[in-house]
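Reader: Could you take me on a close look at just one part of this model, the sheet? I'd like to hear how the strands are put together, pair by pair.

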Amino acid sequence: MGRPGKMADTTELTPEQVNMSQVEAVGLFGIRPYWQDGHNTGIFGLRYLRSLCSCEECAAASLPHTART
Ligand SMILES: [Zn+2]
């Protein structure tokens with residue numbers, strides 16, 4: 001864990017911080033969102049994003065390969 005950052009004291013995000021202005025593919029494994037407040041330092045793996053989604057398609061896709069039968 002690093003030092004507490006500016007988000008440590010943040011209880012609410014502004015619309016600029018949560019609205020995506022564009023998104024770019026990172027290799028074959030992830031995406032980098034560009035937020036309206038100008039930050040773009042996060043890269044999110046597609047597998048991670050799948051694991052956050054609770055829809056049927058993603059639930060099936062994020063199961064370990066051996067459990068998919
Ligand atoms: Zn989904």
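Author: Sure, let's start with one pair of residues: Ile-31 sits opposite Phe-44, which belongs to strand 3. Keep in mind that this is a predicted model. That pair is part of the link between strand 2, residues 30–35, and strand 3, which is antiparallel and has 2 bridges.

Now over to the other pairing. Strand 1 and strand 2 also run antiparallel, and here 6 bridges join them. If you want a spot to click on, try Val-23, whose bridge partner in strand 2 is Pro-33. Strand 1 and strand 2 form a hairpin with 3 residues between the strands, and in that hairpin Gly-27 has a positive phi, near 55°.

Put the pairings together and you get an open sheet of 3 strands, in the order 1-2-3, with antiparallel pairing. Strand 1 (20–26) and strand 3 (44–45) are the edge strands; each has a single partner strand, so one side of each has no neighbour in the sheet.

As for where the sheet sits in the chain, the elements go α-β-β-β-α-α from the N terminus on. That's 3 helices along with the 3 strands.

Two numbers for the whole chain round this off. Of the 69 residues in the protein chain, 0% are buried. And among contacts with a separation of 6 or more, 0% are between residues 24 or more positions apart.

Key
Residues numbered from 1 in each chain as written. Predicted model: local features only at pLDDT ≥ 70, side-chain atom pairs only at ≥ 80, totals over all residues. Pairing = 2+ DSSP bridges. Helix = DSSP H or I, 4+ residues; strand = E, 2+ residues; numbered from the N terminus. Buried ≥ 20, exposed ≤ 12 C-beta atoms within 10 Å, placed from the backbone. Contact = placed C-beta atoms within 7 Å.
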